Amino acid sequence: MPLFEMACLPRLRLHMRHTSGQARSMRDNMGPIIQEMSACAMQKTYTVAIAPQGWIFDAPSGATLLQSAERSGLRLAASCRNGTCRTCMCHLSQGKVRYAIEWPGLSADEKRDGYILPCVAYPEADLVVDEAKAARSGI
């Protein structure tokens, strides 16, 4: 399955709504799904390189770096997956990421020095991530 579909499918769920025992029209039910598909289609996909291994994977803007790495068969250190345990902390040597909220897992100094939390970081550009502990899944 293409990475685009894997990133978008979990968010696309069809819930048939019933009013007085009758299903709403298909148009009413499909409206939110069509909007979600449009938003997903507008996502940008960036290239992420893992140093020093030189592994490269695609990362859509709507998925965390950890999710994208896993979908690409790479394993990064992770535990909590919510930005608090710091297990996944690594150095971003090139590019830019964003966070959905300000995460307590990084100090202001660490952020300034280029450290990121891939479990909650979303790409905003092509990236080079220094992560010596990264591995291919199944190895």
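This report covers a five-stranded sheet and a nonpolar core in a predicted model.

**Sheet layout**

The sheet is open, and its five strands run in the order β4-β3-β10-β6-β8. Pairing is mixed. Strands of a sheet pair through backbone hydrogen bonds, either parallel or antiparallel. The edges are β4 (55-60) and β8 (115-116), each pairing on one side only.

Two of the antiparallel pairs are set out here.

| Strand pair | Sense | Bridges | One bridge |
|---|---|---|---|
| β3 and β4 | antiparallel | six bridges | Tyr46 with Ala59 of β4 |
| β6 and β10 | antiparallel | three bridges | His91 with Asp130 of β10 |

β6 covers residues 90-94, and β10 covers residues 127-130. The edge strand β4 also belongs to a hairpin with β3. Three residues lie between the two strands. In that turn, Gly54 has a positive phi of about 85 degrees.

**Nonpolar core**

The largest nonpolar core holds 24 residues. Which of them touch the most other members? They are Val48, Ile50, Leu65, Val97, Tyr99, Ile116 and Val129. Several elements feed this core: β3 (45-51), β4, α3 (65-71), β6, β7 (97-99) and β10 each supply at least two residues.

Ile116 shows the contacts in detail. Leaving out residues up to four places away in sequence, Ile116 touches Leu65, Cys88, Met89, Cys90, Leu92, Val97, Tyr99, Leu106 and Val129. Among these partners, Leu65, Val97, Tyr99 and Val129 are also listed with Ile116 as residues that touch the most other core members.

Note on methods. Residues numbered from 1 in each chain as written. Predicted model: local features only at pLDDT ≥ 70, side-chain atom pairs only at ≥ 80, totals over all residues. Heavy atoms only, no water. Pairing = 2+ DSSP bridges. Helix = DSSP H or I, 4+ residues; strand = E, 2+ residues; numbered from the N terminus. Core = buried A, V, L, I, M, F, W, Y, C linked by side-chain atoms within 4.5 Å. Buried < 20%, exposed > 50% of the residue type's maximum accessible area, 1.4 Å probe, protein only. Contact = heavy atoms within 4.5 Å.
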